[in-house]
Amino acid sequence: MDKKERLMAVLNGTMPDRPPVGLWFHFTDAESRGEACVQAHVRTYKQSNVDFVKIMSDGLLYPVRQRIDCAADWAKLAPLPRDDAFFADTVERCARIHEELGEECCLFYNFFSPFTMIRAAESFTEHALAGRTKDETVMAHLRENEAAVLHALEVVAADLAHLAELVIHRGGCLGIYQSVQGAEKGRMSEEEHRRWIAPSDLMVLKAANLHSQYNILHMCSWAGFANHLEYWKDYPARVKNWGTGVEGLPLAKGKSWFPGSVLLGGLDNRRGFPLVSGTKAQLQQAVRELVKEMGPTPFILGADCTVPSDFELERAGWILEALETQ
């Protein structure tokens with residue numbers, strides 16, 4: 001099987017010759033923008049020899065341009081013009097990588113959830129922050145003026161829904177990889193998550209599903225804290241990926257948690273674990289154990305999340321060697 005055939009077999013629920021492999025990390029500085037970012041993706045793909053590419057959104061995060069001085073300002077957020085550089089630059093990145101690699105492998109584009117994007121906004125004033133983090137400020141604003149923040153989340157979600165259509169139809173991506181956050185234990189109740197976060201998450205995912213049946217949901221344990229995975233359990237995405245280590249839910253047990261979904265991951269991306277820090281023998285043993293645990297279930301082998309930027313690409317070769325000699 002070639003790389004596309006291998007991945008598509010799993011996405012369609014059939015066993016491939018071996019599990020397809022995907023690994024990714026963030027690009028920084030000059031490599032986070034323009035043609036340098038395109039070539040960084042191409043170089044990483046060729047050096048690692050993985051089976052597909054997740055195109056990173058580094059340097060192209062959603063631009064919240066409304067000045068946020070108080071909670072009420074979220075109600076003023078307006079949709080981006082459809083000719084905004086954010087859309088054009090994102091499609092250009094995807095299209096260029098598709099031009100370079102699209103004949104060899106499938107591409108997915110990284111999306112961060114609307115909730116993540118408003119927490120990353122560069123337009124908070126010092127008055128709004130008042131000594132708090134952006135995350136703390138958004139949570140305070142949600143409780144102070146729910147309607148205003150929900151308006152902003154809906155605006156961002158509608159723009160990202162439009163972007164999903166663009167990267168799939170014009171950028172050459174097979175689908176999107178949506179990273180969702182906000183379900184950390186202790187952050188909010190299930191009812192609050194259903195009211196505050198889920199609507200904007202689902203607006204993006206449902207839009208992507210109109211244009212591709214092969215979208216990936218990444219349930220991110222970005223803060224190192226366990227999440228309420230049940231908040232996301234019924235999100236509609238063909239592929240599910242989560243922090244097996246942080247969440248304490250091995251990939252094999254995910255079969256009962258996410259029935260009917262294709263599972264992605266299985267290797268803990270944190271330092272100190274075989275993927276990032278183990279010897280060749282340790283990593284290959286972890287891979288073989290994972291394949292044994294998954295048995296006859298088709299799956300995509302990868303990390304729980306983004307690997308560190310100093311990840312040694314030869315480790316991807318160790319994984320492939322272990323799979324090919326299974």
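This text walks through the structure, from the whole chain down to single residues.

The model is a predicted one. Its secondary structure comes to 14 helices and eight strands. The radius of gyration of the chain is 19 Å, close to the 20 Å that the globule rule gives for 326 residues, so the chain is as compact as a globular protein of that length. Along the principal axes, the C-alpha atoms fill a box of roughly 60 × 40 × 35 Å.

How do the parts of the chain meet? Take the contacts with a separation of 6 or more. Residues 24 or more positions apart account for 75% of them. Burial can be put in one number too: 58% of the 326 residues count as buried. The chain exposes about 13,400 Å². Carbon and sulfur atoms supply 52% of that area. The chain carries 35 positive and 44 negative charges. The mean positions of these two sets are 3 Å apart.

Now go inside. The largest nonpolar core has 111 residues. Helix H7, residues 146-169, gives the largest share of this core, with 13 residues. Which residues have the most contacts inside the core? They are Trp74, Leu275 and Ile319.

Leu275 is a good place to stop. Setting aside residues up to four places away in sequence, Leu275 touches Leu23, Leu267, Asp268, Asn269, Leu283, Ala303, Val307, Phe311, Arg315 and Ile319. Two names in that list deserve a note. Ile319 is itself among the residues with the most contacts inside the core. Val307 lies in the loop between S8 and H14.

Stay with that loop. Is Val307 buried or exposed? Its relative accessibility is 3%, so Val307 counts as buried, the cut-off being under 20%. Beyond its neighbours within four places in sequence, Val307 is in contact with Leu23, Trp24, Phe25, Asn269 and Leu275. His193 is another matter. Val307 and His193 are 114 residues apart along the chain, and their C-alpha atoms are separated by 28 Å.

Thr306 is found in the loop between strand S8 (299-303) and helix H14 (314-324). At 16% relative accessibility, Thr306 counts as buried. Which residues does Thr306 contact, leaving aside neighbours within four places in sequence? They are Trp24, Phe25, His26, Lys54, Met56 and Asn269. Trp24, Phe25 and Asn269 are also among the contacts of Val307.

Met56 comes next. Its place is in the loop between strand S2 (52-55) and helix H3 (85-101). Met56 is buried, with a relative accessible area of 1%. Apart from neighbours within four places in sequence, Met56 is in contact with Trp24, Phe25, His26, Phe27, His41, Arg93, Tyr109, Asn110 and Thr306. Phe27 lies 29 residues from Met56 in sequence. In space, the two are 7.7 Å apart, C-alpha to C-alpha.

Follow the chain into helix H3, where Phe86 has its place. Phe86 is buried, and its relative accessible area is 7%. Not counting residues up to four places away in sequence, Phe86 touches Leu60, Leu61, Tyr62, Pro63, Leu80, Leu160 and Leu163. Tyr62 is 24 residues from Phe86 along the chain, and the C-alpha atoms of the pair are separated by 7.1 Å.

Leu160 and Leu163 turn up again at Phe111, together with Ala164, Val167, Ile176, Tyr177, Gln178, Ser179 and Val204. That list, too, leaves out residues up to four places away in sequence. Phe111 sits in strand S3, residues 106-112. At 2% relative accessibility, Phe111 counts as buried. Between the C-alpha atoms of Phe111 and Leu202 the separation is 13 Å, with their positions 91 residues apart along the chain.

Finally, turn to two exposed residues. Asp29 lies in the loop between strand S1 (21-22) and helix H2 (34-48). Asp29 is not a glycine, although its phi is positive, at about 55 degrees. With 67% relative accessibility, Asp29 counts as exposed, the cut-off being over 50%. Ala130 is in the loop between helix H5 (126-129) and helix H6 (134-144). Phi of Ala130 is near 50 degrees, again a positive value in a residue other than glycine. Ala130 counts as exposed, at 56% relative accessibility.

Terms used. Residues numbered from 1 in each chain as written. Predicted model: local features only at pLDDT ≥ 70, side-chain atom pairs only at ≥ 80, totals over all residues. Heavy atoms only, no water. Helix = DSSP H or I, 4+ residues; strand = E, 2+ residues; numbered from the N terminus. Rg over C-alpha atoms; globule rule 2.2 N^0.38 Å. Buried < 20%, exposed > 50% of the residue type's maximum accessible area, 1.4 Å probe, protein only. Contact = heavy atoms within 4.5 Å. Areas by Shrake-Rupley, 256 points an atom, 1.4 Å probe, with all protein chains shown as cover. Lys, Arg positive; Asp, Glu negative; His and termini not counted. Charge placed at Lys NZ, Arg CZ, Asp CG, Glu CD. Core = buried A, V, L, I, M, F, W, Y, C linked by side-chain atoms within 4.5 Å.
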